[in-house]
Amino acid sequence: MKDIARQQMSIKVESMDMLNAQIQMEGKASASYLAMASWCDQRGYTGSADFMYQQAAEEREHMMKIFKFVNDCGGNAISPEVTNINHDFSSLEEVFETALTQEIEVSKSINRIVATARKNSDFGVENFMQWFIAEQLEEEKSIRDILDLFELMGRDGIALKLIDERINAA
């Protein structure tokens, strides 16, 4: 007979449910970045495509980090089902605007998880999520810096090529 202490989760059910929703969100973000990378690749924006491929890999890494954490805490991590990914963009700037909107939504979700964990005294979850808070600040800043390039350099012709070449330096 298993010891009762070994059967209990070290995270609260509400936190586990929110983390599973975050796993879903991170999986969708990864797939969305792949769609953005494909759009960029098809139009010759190789710097932007490389950036988006890297972002897709990072989002999957975030998903896996949360997935493993939930299971390590005795919870039940649920593999995400990803649907409704946008593959159609009207411009390179729209790609990055979409990426920023997505990152802001991810940040809001992470902040809700931390606030709920704090309210429920789920300190392990709150501590675990601190890394994600810092990561999201970096993610949002890097995309805002790229969007600033459109303001500075323009939105057509050679400006787009120059922006694309500067993406990984932003």
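Reader: Which side chain does K141 join through a polar contact, and what is the length of that contact?
Author: In this predicted model, the side chain of K141 is in polar contact with that of D145. A polar contact requires N or O atoms within 3.5 Å. The pair K141 and D145 satisfies this limit with a contact of 2.6 Å.

Reader: In which helix does K141 lie?
Author: The residue falls within the run 123–153. That run is helix α5.

Reader: What distance separates the C-alpha atoms of K141 and L100?
Author: Along the chain, K141 and L100 are 41 residues apart. In space, their C-alpha atoms are separated by 9.0 Å.

Reader: How many helices and how many strands does the protein have?
Author: Read from the N terminus on, the elements run α-α-α-α-α-α. The count is therefore six helices and zero strands, each helix being a DSSP run of at least four residues.

Reader: What percentage of contacts between residues at least 6 apart in sequence join residues at least 24 apart?
Author: The contacts considered here are those in the protein between residues at least 6 apart in sequence. Among them, the share that joins residues at least 24 apart is 77%.

Reader: What percentage of the residues count as buried?
Author: The C-alpha atoms fill a box of roughly 70 × 25 × 20 Å along the principal axes, and the accessible surface comes to about 9,300 Å². Carbon and sulfur atoms account for 52% of that surface. Buried means under 20% relative accessible area. Of the 170 residues, the buried share is 44%.

Reader: How far apart are the mean positions of the positive and negative charges?
Author: The protein has 17 positive and 29 negative charges. Their mean positions are separated by 6 Å.

Conventions: Residues are numbered from 1 along each chain as its sequence is written. This is a predicted model: local features need pLDDT of at least 70, side-chain atom pairs count only at pLDDT 80 or more; totals for chains, interfaces and linings use all residues. Side-chain values use heavy atoms; hydrogens and water are left out. Helices (H or I, at least four residues) and strands (E, at least two) are DSSP runs, numbered from the N terminus. A polar contact is a pair of N or O atoms within 3.5 Å; within protein, one must be able to donate a hydrogen and the other to accept it, and residues adjacent in sequence count only if both atoms are side-chain atoms. Buried means under 20% relative accessible area, exposed over 50%, partly exposed in between (1.4 Å probe, protein chains only). Contact means heavy atoms within 4.5 Å. Accessible areas come from the Shrake-Rupley method with a 1.4 Å probe; for residues, only the protein chains shown count as cover. Lys and Arg count as positive and Asp and Glu as negative; His and the chain ends are not counted. The place of a charge is taken as NZ of Lys, CZ of Arg, CG of Asp or CD of Glu.
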